[in-house]
Structure formats: structure tokens, C-alpha cells
Amino acid sequence: MKILVCISNVPDTTTKVKFIDDFKKLDITGIQWVINPWDELSLTRALELKDDTSNNIQSVTVAHVGLVGAEPTIRKALAIGADDAIRVNAEPADAWLVASQLANVLKGESYDLIFCGIESSDFNGSSVGGMLAELLNYPSVSSVSNVKLENGQAVITREIDGGKEIVTVPVPVVAIVQKGIAKEPRIAAMRGIMMARTKLLKVIEPVAVDSLTEVVNYEMPKPRAACKFVDPENPGQLVELLQNEAKII
Amino acid sequence: MSVLIFVENWDGKFKKLSFELVSYGAKVAEMLNTDAVALSVGQVEANELEKLGRYGAARILSAVNDNINVFDSQAFTSIIAGFAQQENAEVVLLSNNNTGKAIAPRLSVRLKAGLAAGVSKLPLSTNPFNVYKKVYSGNAFSNVIIKTDLKILTLAQNSYEVTETAGKSVVTQVTAEWNSATVKTRVTEVQKQTGKILLTDADVVVSGGRGMKSAENWGPIVELAELLGAATACSRPVSDEGWRPHEEHTGQTGKIIAPNLYFAIGISGATQHLAGVSSSKFIVAINTDKDAPIFSAAQYGIIGDAGKVLPKLVEAVRELKGK
Ligand SMILES: Cc1cc2nc3c(=O)[nH]c(=O)nc-3n(C[C@H](O)[C@H](O)[C@H](O)COP(=O)(O)OP(=O)(O)OC[C@H]3O[C@@H](n4cnc5c(N)ncnc54)[C@H](O)[C@@H]3O)c2cc1C
């Protein structure tokens, strides 16, 4: 079996984002780029599956659609333990474009289990995984919190309202993962970092695809009114404010 | 032309989220000078279906098939895509919940329609079709143009007022296509809690962080939640420690919620935590540290020890509720 983990390259989650060009472009000065948190957890789960030799996983590959600037993030995934990597050399303009490029790369390939994150922490689109599955005509399971392999099938736990459901799906399948898929992201060890330099990072030129959506501009959240403080000895005052001022309880 | 709204049901019932979705879809239909058509899949009683009309659905399609026994994203995509074509939809609207996230991207490919996920306002304009959604996990917002003729939108939960209209609607019974032989998802086990208010549905949420010190101290949080008819939540370290169940973890990597009122108790307000709760209409913070970032996100604050403040707060709420 072969596993593919799709990774997105995003600003560190503590970044205070700023924009330039009349709020049309992200100001990338000083931004630390990281693997999208869910993708990092997916990669961790993929490697756990591979570590268990009974699963018989030949390889874990990471795939990314983006320009050369994302290579440090890809190398980080290799350092964590992915066997090889693919980068499609295209600006990731929207989810449709990214999914189309990935689908094109995967056409002749035979990955059994494909991981995508439930969203990327930059555009919060929740789109690439489902789109990729539809383009490849593979089944997809979303809101996934665990993946196991049994008798050549994927046994997947997914979140439903108020609980969980365990489903089995034949491979190939796209698992769109959220919290719970792995406890902590795996960290690169020194040996992994050394080895990452020599692992294969294949660069593929994109196919011609137009984006279907376009960001016109960005806005900052409206500043919240200053916090009103209440005497800790008298929380009754808070209840009174919530009832009569905010009119919310 | 039409705006097709996929309205999910829970054991044959709709909830606030459904009415919010229909209210939004009806308004978009009005902007496009067309009708809002609600699509329900699965068995729902007539009086429940008729409720959708009160929020502006001009027509309601009730698609049923006794063989539907699992949520399979491919099969549901086929059903919705079929009705989108039949109804000549200009916009297909779903919720940005688990179900919507599973179907909308597949639908986008199937119908070759641009998708904007998690929109939280009415379109700024319909030509070009310009929608508003959060980006960078709530640290910014964006105006996005969908360039295709057919558009797919998912609506962020609790982002639009439920609005009743005087409209009347017609319910039509139709058949949902379902071929069990080709459905690939098979359910082997369901674990469901009943009787608890769902975190994602709750109007009020009482949440505790590491400042609560240990699992044993959760009593007053649970009590406060019960008094307010609220759901309980927590920060990530709290669920990592096992003080509270994982389903309660809110934030970037946990649940993203938008209640009317969020109590953050002993929570510092890290960016990743705020990413899940910053859409709350009101935030109340209780924290010993006057410089905790949570106070910049909160409208009301108490600087103090939760262990001392909470019992008094519970008493004050109990008095208010007369219990
Ligand atoms: C990729 C990534 C994703 C993450 N995702 C999430 C996420 O989804 N959700 C999330 O919550 N975190 C997330 N985190 C973690 C986040 O960065 C913070 O570490 C976390 O939110 C802190 O939780 P906390 O506020 O409960 O604890 P702390 O930061 O330790 O804060 C505890 C607070 O309690 C106060 N306090 C202490 N004693 C008392 C008392 N007696 N009474 C009142 N107040 C008291 C302190 O002043 C402090 O402000 C993520 C981190 C990363 C790197």
C-alpha cells in the first residue's frame, strides 16, 4: 500500500497577519511558514500506520501545490519521515486549481490512502480533499478522527453531530482529517533532518487550469469595544450587565 | 433559475441551523430575483417540512428513498447535483457543518461551480458574485468573487439572523436516486451522546482552560452551564490532559463555534484558541492575569481567581433564574 499526504504551506498559527497593496495581498515579511496543522497530524498518522509493519505500507509521499518558496516546508515533512515528495510548480490560486493539479499528478499513480486536512489555516476553505476525491472518482470521508487499515480496507472514525461513527470504505479513499487523528505532531529528529536533504523532491510543471474564485481584497476584523471590568467580589453585576445591557441571558 | 438549499435533518427534525440556512438562501434568491427551493433528503413529516416555508422557501422538495441508510458523500453529491440541474440552480447553498463540508467540494467539481466555504454575510453584489468569508482562522476576512455561472456556498453557522416571512410554500414529494450497490461507505458502529446540548448548536457556551487547575474543579462550570441552558467547552490543553472530553475542545484545531455568549474561564486567549471562538457575539473572560490576551477579545471581564468568582457567579445566575 502507498499513502499520499497532501500538505499546505501556511503562516505559523500565531502570525498577526497584515496586508499590502490596498489590502489585496498578504504582507509576507517576517512570516514563519509551517505545515498546515491538520496536514502535520495526517503525516504523523500516516507514519504511524507505516511503522506498524502489519499494514504493509511501502511508502508515504507528501504532495504540495506551490512555488519554490514552499520547499523548506516540504523538506520539513521529509525530515519528519515522509519518504519522498512531489511539488507541482503552480501558484495555489484557489482550491479548485490546487485539487486539479493534484488530480493530474495522481492520475497514473496508485496511492491507496490519501490524506487531506479538513481545512488550511490560511483560506479556511475545507475544499481540496473533497474536490480531489471527486476529480479522481474516489470515495471520501470527511471530519475524520482516526484511520486504520483492516483487510485492505480503510476503517475510519468520523465525527457526526453529537458523536462518532465508524465506517469502512474500500481503497483508494481520500480521508479528510480533523483533530484526533494523531495526538501530537511528530517532530523531526536530527537524523531525519540530515536524511531529508537527499530524499527525492520531484517538481512537476502544472497543467493549464483556471481558478474558479478570486480574492478581491482582505479586511481586518472590526476592533472589539474595550472590555468592561466587573468587581470580582460582586459577579452579580456581570449577570445584571448580561441581562440588561447585552440582553443576552 | 433558483437558489437550491440543501437542508439536512436530524432524525426527521430541523433545527435553528436549518432555518438560518433557509433565511439566508431566501434573501440571496431575492437578490437574484428568483425563488428559493429547499431540498430535504430522507423521511421528514409534512408539518416539519412546512416550517421551511416560514423562512422564505418558495418550494420544498422532499426527496425520499427507503434504501438510504448511510451518509455517503458521493451518493449525496449525486442526489443534490441532480436536483440542482433539474431546478436550474444558480446558487446551491449548504451549511458549513460536517455534512456540508463533506459534500460541497464534491458538488463544486461535479457541477463545475466555484465554491466559497463558510460565507458569513449576504453577497456584496451578485454580478460579479462577491461573497464575504473569514480567512487566516478569523484573523482577517476576505471578499471573494465566484467566477462561474453556478455558485456553491456554504454558510458559517450562526452568522445570519433567522428571519420569518409571511410566504407560503408548496411541498413536493420526489424520489432520491440511491443505488445501494454502488455506495462505498458502510457504517459499522455509531457512538452518540443524547440529551446533551451540542456545542456547535448552543447559544451559550461555558468554557474552562488550564487556569481551572484540575478536572475536579469543573463542578461550577457544569452547574453554570446547566443554569443557562448552555453547552460546556474547554481549551486544548484541558482536553489533552483528559480533564474534559475531546469533543469539547474549541479553537483552531478543535470546534469552531459562534455562540451568542462565550464564557472563557481560566483561558489565556491564545490566537489558536480565539480562532475557534472569535465569532461569538459576546465573550466574558474570568482570569487572574489582567494582561491575558483574552481580555482584548472580551466585552466583559472579571480579574480574579475562578475558584472564588465562579461560586458567586453561579449563585447570582441561580437567583436570576429563580432556581
Ligand atoms: C498548531 C496549534 C494549534 C492549536 N490549536 C488550539 C486550539 O484549537 N484550541 C486551544 O485552546 N489551543 C490551541 N493551541 C494551544 C494554544 O496555543 C494555547 O497553548 C492554549 O490555548 C492555552 O490554553 P489555556 O488558555 O487553557 O492555558 P494557558 O495558556 O496556560 O492559560 C491559562 C490561563 O488561566 C489563567 N489562570 C490561572 N489560574 C487561574 C485562576 N485560578 N483563575 C482564573 N484564571 C486563572 C492564567 O492567567 C492564564 O491566562 C494550539 C497550538 C498550536 C501550536
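**View 1. B:Lys147 and A:Glu214 form a salt bridge.** In this predicted model, the closest N and O atoms of the two residues are 3.6 Å apart. B:Lys147 lies in the loop between strand E8 (140-146) and strand E9 (151-155) of chain B. A:Glu214 lies in strand E14 (residues 213-219) of chain A, so the pair joins two chains. Is B:Lys147 buried or exposed? Neither label fits: B:Lys147 is partly exposed, with a relative accessible area of 43%. A:Glu214 is partly exposed too, and its relative accessible area is 43%. Look also for a network built from salt bridges that share partners. Its members are A:Glu134, B:Arg106 and B:Arg110.

**View 2. A:Glu159 and B:Lys255 form a salt bridge.** The closest N and O atoms are 3.1 Å apart. A:Glu159 sits in strand E10 (residues 153-160) of chain A. B:Lys255 sits in the loop between helix H6 (236-240) and strand E14 (261-265) of chain B, so this pair also joins two chains. How accessible is A:Glu159? A:Glu159 has a relative accessible area of 18% and counts as buried, because buried means under 20%. B:Lys255 is buried as well, with a relative accessible area of 16%.

**View 3. Chain B meets chain A across an interface with about 7,200 Å² of buried area.** The size of an interface is often given as the accessible area lost when the parts come together. Here, carbon and sulfur atoms give 56% of the buried area between chain B and chain A. Which three residues of chain B supply the most area against chain A? They are B:Arg106, B:Tyr136 and B:Tyr300. This trio supplies 11% of the area that chain B buries against chain A. Now count contacts. In chain B, 86 residues touch chain A, and in chain A, 79 residues touch chain B.

**View 4. Polar contacts and salt bridges link chain B and chain A.** There are 40 residue pairs in polar contact between the chains, counting pairs with both residues at pLDDT 80 or more. Which element gives the largest share of the side of chain B that touches chain A? Helix H4 (residues 98-110) of chain B does, with eight residues. By class, that side of chain B has 38 nonpolar, 31 polar and 17 charged residues. How many salt bridges lie between chain B and chain A? The count is five. One of them is the bridge between the side chains of B:Lys255 and A:Glu159. Over all chains, the structure holds 25 salt bridges.

**View 5. A:Lys76 and A:Glu40 form a salt bridge within chain A.** The closest N and O atoms are 3.5 Å apart. The pair links distant parts of the chain, with their positions 36 residues apart in sequence. A:Lys76 belongs to helix H2 (residues 71-80) of chain A. A:Glu40 belongs to helix H1 (residues 37-51) of chain A. Which accessibility class does each partner fall in? A:Lys76 counts as partly exposed, at 36% relative accessibility. A:Glu40 is buried, with a relative accessible area of 16%.

**View 6. B:Ser280 is a buried loop residue.** B:Ser280 lies between helix H7 (271-277) and strand E15 (282-287) of chain B. Its relative accessibility is 3%. What lies 2.6 Å from a polar atom of the side chain of B:Ser280? The backbone oxygen of B:Val277 does. Set aside the neighbours within four places in sequence, and B:Ser280 is in contact with A:Arg224, B:Ala258, B:Pro259 and B:Tyr262.

**View 7. Domain 1 of chain B meets domain 2 of chain B.** Domain 1 covers 2-182 and domain 2 covers 204-320. Their centres, taken over C-alpha atoms, are 33 Å apart. Six residues of domain 1 and nine residues of domain 2 make the contact. The buried area between the two domains is about 520 Å², and carbon and sulfur atoms give 32% of that area. Which residues of domain 1 lose the most area to domain 2? B:Lys134, B:Ser137 and B:Asn158 do, together 70% of what the domain 1 side buries. Two residue pairs are in polar contact between the domains, both residues being at pLDDT 80 or more. The rule finds zero salt bridges across this interface. The touching side of domain 1 has no nonpolar, five polar and one charged residue.

Notes:
Residues are numbered from 1 along each chain as its sequence is written. Chains are lettered from A and ligands numbered from 1 in the order in which they are written. Side-chain values use heavy atoms; hydrogens and water are left out. Domain bounds come from an automatic or database domain assignment. Contact means heavy atoms within 4.5 Å. Buried area is the accessible area (1.4 Å probe) that two parts lose on being put together, summed over both. A salt bridge is a side-chain nitrogen of Lys or Arg within 4 Å of a carboxyl oxygen of Asp or Glu. A polar contact is a pair of N or O atoms within 3.5 Å; within protein, one must be able to donate a hydrogen and the other to accept it, and residues adjacent in sequence count only if both atoms are side-chain atoms. Ala, Val, Leu, Ile, Met, Phe, Trp, Tyr, Cys and Pro count as nonpolar, Asp, Glu, Lys and Arg as charged, and the others, Gly among them, as polar. Helices (H or I, at least four residues) and strands (E, at least two) are DSSP runs, numbered from the N terminus. Buried means under 20% relative accessible area, exposed over 50%, partly exposed in between (1.4 Å probe, protein chains only).
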